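Trainee: Please take one part of this model and go through it closely. I would like one connected account, starting from a single residue and working outward.

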Amino acid sequence: MNFTKRSFVFAEEQYFSIDDILATEERLPCRFDQGVKKLGFLDPSSGTADLAQGTKLEIPLWMAQALQSRRIISIDLPKVYKEGYRKILNADATIVDLHKMGPYFYHFGLYLLKFIHQDSEEIGKMLSETFRNRFRMLMDTSQNALEEDAATLTANLDRTEVALFNVGHKSLLDLKNWMHRKNQKILTADLVVNHKKRKRTIMEES
């Protein structure tokens, strides 16, 4: 998976996704480059109805998108996407508790690529490398896990990885059930059956 600005469509196309809604509720540090009227309530320490220029706040990502598009704010990166954490992930991503860094680590990271920021390219590379380095471990674990161990094994994964783990683990259980004849008999697809019927009819008429 190559995380670039084009990959942002992955996030945009999930308008009705609960995970997408929760990911965009994550907070993003920002600085107000101009004063804004009637938004003073966003700053609990403010005693006025307006936000002053230079105010620093953490606001939901969805709000930051709208404000930056109007050049009202400039954003700062959450610490888990800054250079220090990027170096840790590049050194050995498999040992990192990604859930603690953010339950929507990849999803939120994809949204960051849409913001105007000097570290966008480095974040994209870090997301790609982190996913690539953890993917084999993720699939190996899902294929060798007992059902009762699944919750423990997914505790350090972000939501994207949990979904992949569940898909891999379910495929393993489905295979075992099929091998032990616990699933229903595999039937020929209707398309194939109909094709054979038409072919037989043509041969009989010729």
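Mentor: Start with the contacts of T24. Leaving aside residues up to four places away in sequence, T24 touches P60, L61, W62 and Y111. Keep in mind that this is a predicted model. T24 sits in helix α2, which covers residues 18–24. Its relative accessibility is 10%, and buried means under 20%, so T24 counts as buried.

Follow the contacts outward. One of the residues that T24 touches is Y111. Y111 is among the buried residues of α6. The others there are F105, Y106, H107, F108, G109, L110 and L112. Helix α6 spans residues 105–112, and eight of its eight residues are buried, so the rest of the structure largely encloses it. Set that against the whole chain: of its 206 residues, 36% are buried.

Now take P60, another residue touched by T24. P60 is the bridge partner of R27 and belongs to β2. That leads into the sheet. Three strands make up an open sheet, ordered β2-β1-β3, with antiparallel pairing. The edges are β2 (56–60) and β3 (73–75); each has a single partner strand, so one side of each has no neighbour in the sheet. From one strand to the next, the twist averages 45°.

Look at the pairings in turn. Strand β1 holds residues 27–32 and is joined to β2 by five bridges. The two run antiparallel. Besides the R27 pair with P60, L28 has I59 of β2 as its bridge partner. On the other flank, three bridges connect β1 and β3, again antiparallel. There, C30 is matched with I75 of β3.

Next comes the helix on the sheet. Helix α3 runs over residues 61–69 and packs on the sheet. It touches β1, β2 and β3. Its direction makes about 115° with that of β2. T24 touches L61 and W62 as well, and the range 61–69 of α3 takes in both.

Go back to helix α2 for its other face to the surroundings. I18 is found in α2 too. At 57% relative accessibility, I18 counts as exposed because the cut-off for exposed is over 50%. Together with I21 and L22, I18 forms a nonpolar patch on the surface. The accessible area of these residues together is about 270 Å². For the chain, the exposed total is about 13800 Å², with 55% of it supplied by carbon and sulfur atoms.

Two loop residues deserve a check of their backbone angles. Most residues other than glycine have a negative phi. K38 is not a glycine, yet its phi is positive, about 65°. K38 is in the loop between β1 and β2. It is exposed, with a relative accessible area of 68%. R71 also has a positive phi, near 60°, and is a residue other than glycine. The loop between α3 and β3 holds R71. R71 is exposed at a relative accessible area of 67%.

Finally, place all this in the chain. There are 10 helices and three strands. From the N terminus on, the order is α-α-β-β-α-β-α-α-α-α-α-α-α. Of the contacts between residues at least 6 apart in sequence, 67% join residues at least 24 apart.

How values were computed: Residues are numbered from 1 along each chain as its sequence is written. This is a predicted model: local features need pLDDT of at least 70, side-chain atom pairs count only at pLDDT 80 or more; totals for chains, interfaces and linings use all residues. Side-chain values use heavy atoms; hydrogens and water are left out. Helices (H or I, at least four residues) and strands (E, at least two) are DSSP runs, numbered from the N terminus. Buried means under 20% relative accessible area, exposed over 50%, partly exposed in between (1.4 Å probe, protein chains only). Contact means heavy atoms within 4.5 Å. Accessible areas come from the Shrake-Rupley method with a 1.4 Å probe; for residues, only the protein chains shown count as cover. Two strands pair if DSSP finds at least two bridges between them. Axes are lines fitted to C-alpha atoms, for helices over the stretch in contact, and angles run from 0 to 180 degrees between N-to-C directions. Patches are made of residues with over 30% relative accessible area and no salt bridge: like charges are joined within 9 Å, nonpolar side chains (Val, Leu, Ile, Met, Phe, Trp, Tyr) within 5 Å. A salt bridge is a side-chain nitrogen of Lys or Arg within 4 Å of a carboxyl oxygen of Asp or Glu.
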